[in-house]
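Student: Could you walk me through this protein? I'd like to see how the numbers lead to the answers.

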Amino acid sequence: MKFFEFVLKFLRRRNSLGYRAETAAVKFLKKEKKFKILQRNYRHKHLETDIICFDKFSNSIVFIEVKCRPYYAKVRGYYSATSKKKTENLRKCAKEFLRENRAFNQNFRFSVVEVTHNEKGEFTDISLYETG
């Protein structure tokens, strides 16, 4: 890939709705939930976790999937956001993150941040769905 093509791809990604939703989710988690962000877009092989953070109140690592939805979406929330395959991939990715960081005895959980947007792509609501 030529350098110019790489830069264009990077800029498109950075301005995409999904990237902006993840950035909004990070700000929400830090400001509203007081989570410490450990890593964004953690990858292991073909698996990815959008955000990994630490919740000091529950002393837990939280693995977060970010979903960006239009305001008129009929189904909302955690159960509509994650298929069985996605849930299994999140578990495998979390297991690898804990192994790499030698956090075997650390409490952890999975959550979903849903970012709602209007027709213009402006964010209208951010919700955290806790799973445990």
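**Rings, charges and cores**

Tutor: Let's start with the rings: Y42, F63, F97, F108 and F110 make up one aromatic cluster. Keep in mind that this is a predicted model.

Student: How many aromatic pairs does the structure hold, and is the pair of Y42 and F97 stacked, tilted or edge-to-face?

Tutor: The structure holds six aromatic pairs. For Y42 and F97, the ring centres are 5.3 Å apart and the planes sit at 85 degrees. Planes over 60 degrees apart count as edge-to-face, so the pair of Y42 and F97 is edge-to-face.

Student: How many residues apart in sequence are the parts that Y42 and F97 tie together?

Tutor: Look at where each ring sits: Y42 belongs to strand β1 (residues 36–44), while F97 belongs to helix α4. The pair therefore ties together parts whose separation in sequence is 55 residues.

Student: Are Y42 and F97 buried or exposed?

Tutor: The cut-off for buried is under 20% relative accessible area. Y42 comes in at 3%, and F97 has 6%. So Y42 counts as buried, and F97 is also buried.

Student: What about Y71 and Y72: is each of them buried, partly exposed or exposed?

Tutor: Y71 and Y72 form an edge-to-face pair, with 5.3 Å centre to centre and 85 degrees between the planes. To count as exposed, a residue needs over 50% relative accessible area. Y71 has 42%, so Y71 is partly exposed. Y72 has 56%, so Y72 is exposed.

Student: Which residue lies over the face of Y19?

Tutor: Here a charge can sit over a ring if CZ of Arg is within 6 Å of the ring centre. The distance from the ring centre of Y19 is 5.3 Å, and the residue over its face is R40.

Student: Let's move on to salt bridges. How many are there, and which residue pairs with E65?

Tutor: The count comes to eight salt bridges. In one of them, the closest N and O atoms are 3.4 Å apart, which is within the 4 Å cut-off. There the partner of E65 is K86.

Student: Which elements does the pair of E65 and K86 tie together?

Tutor: E65 is buried at 5% relative accessible area, whereas K86 is partly exposed at 24%. The pair ties together parts that are 21 residues apart in sequence, because E65 and K86 lie in strand β3 (residues 60–70) and helix α4 (residues 84–100).

Student: Which residues join into one network through shared salt-bridge partners?

Tutor: Begin with E130 and R109, whose closest N and O atoms are 2.7 Å apart. E130 lies in strand β5 (residues 123–130) and R109 in strand β4 (residues 107–117), so this salt bridge ties together parts 21 residues apart in sequence. Shared partners give one network: D55, R109 and E130.

Student: Now helix α2. What span should its 15 residues have, and how far apart are its end C-alpha atoms?

Tutor: The expected span is 1.5 Å times one less than the number of residues. For helix α2 (residues 17–31), that rule gives 21 Å. The end C-alpha atoms agree with it, since they are apart by 21 Å.

Student: Which element gives the largest share of the largest nonpolar core?

Tutor: The largest nonpolar core has 14 residues, and L29, F35, I51, I64, V66 and V113 have the most contacts inside it. Two or more residues come from each of α2, β2 (47–55), β3 and β4. The largest share is five residues, and it comes from α2.

Student: Which residues does V113 touch, leaving out those up to four places away in sequence?

Tutor: Contact means heavy atoms within 4.5 Å. With that neighbour rule, V113 touches A25, L29, I64, E65, V66, K67, I126, S127 and L128.

Student: How many residues are in the second, separate core?

Tutor: Its members include I61, F63, A94 and A103. The size of this second core is 12 residues.

Student: To finish, in what order do the elements run, and what share of the residues counts as buried?

Tutor: The protein has four helices and five strands. From the N terminus on, they run α-α-β-β-β-α-α-β-β. Of the 132 residues, the share that counts as buried is 38%.

Methods
Residues numbered from 1 in each chain as written. Predicted model: local features only at pLDDT ≥ 70, side-chain atom pairs only at ≥ 80, totals over all residues. Heavy atoms only, no water. Salt bridge = Lys/Arg side-chain N within 4 Å of Asp/Glu carboxyl O. Buried < 20%, exposed > 50% of the residue type's maximum accessible area, 1.4 Å probe, protein only. Phe/Tyr/Trp six-rings, centres within 6.5 Å; stacked < 30°, edge-to-face > 60°. Lys NZ or Arg CZ within 6 Å of the ring centre and 35° of its normal. Core = buried A, V, L, I, M, F, W, Y, C linked by side-chain atoms within 4.5 Å.
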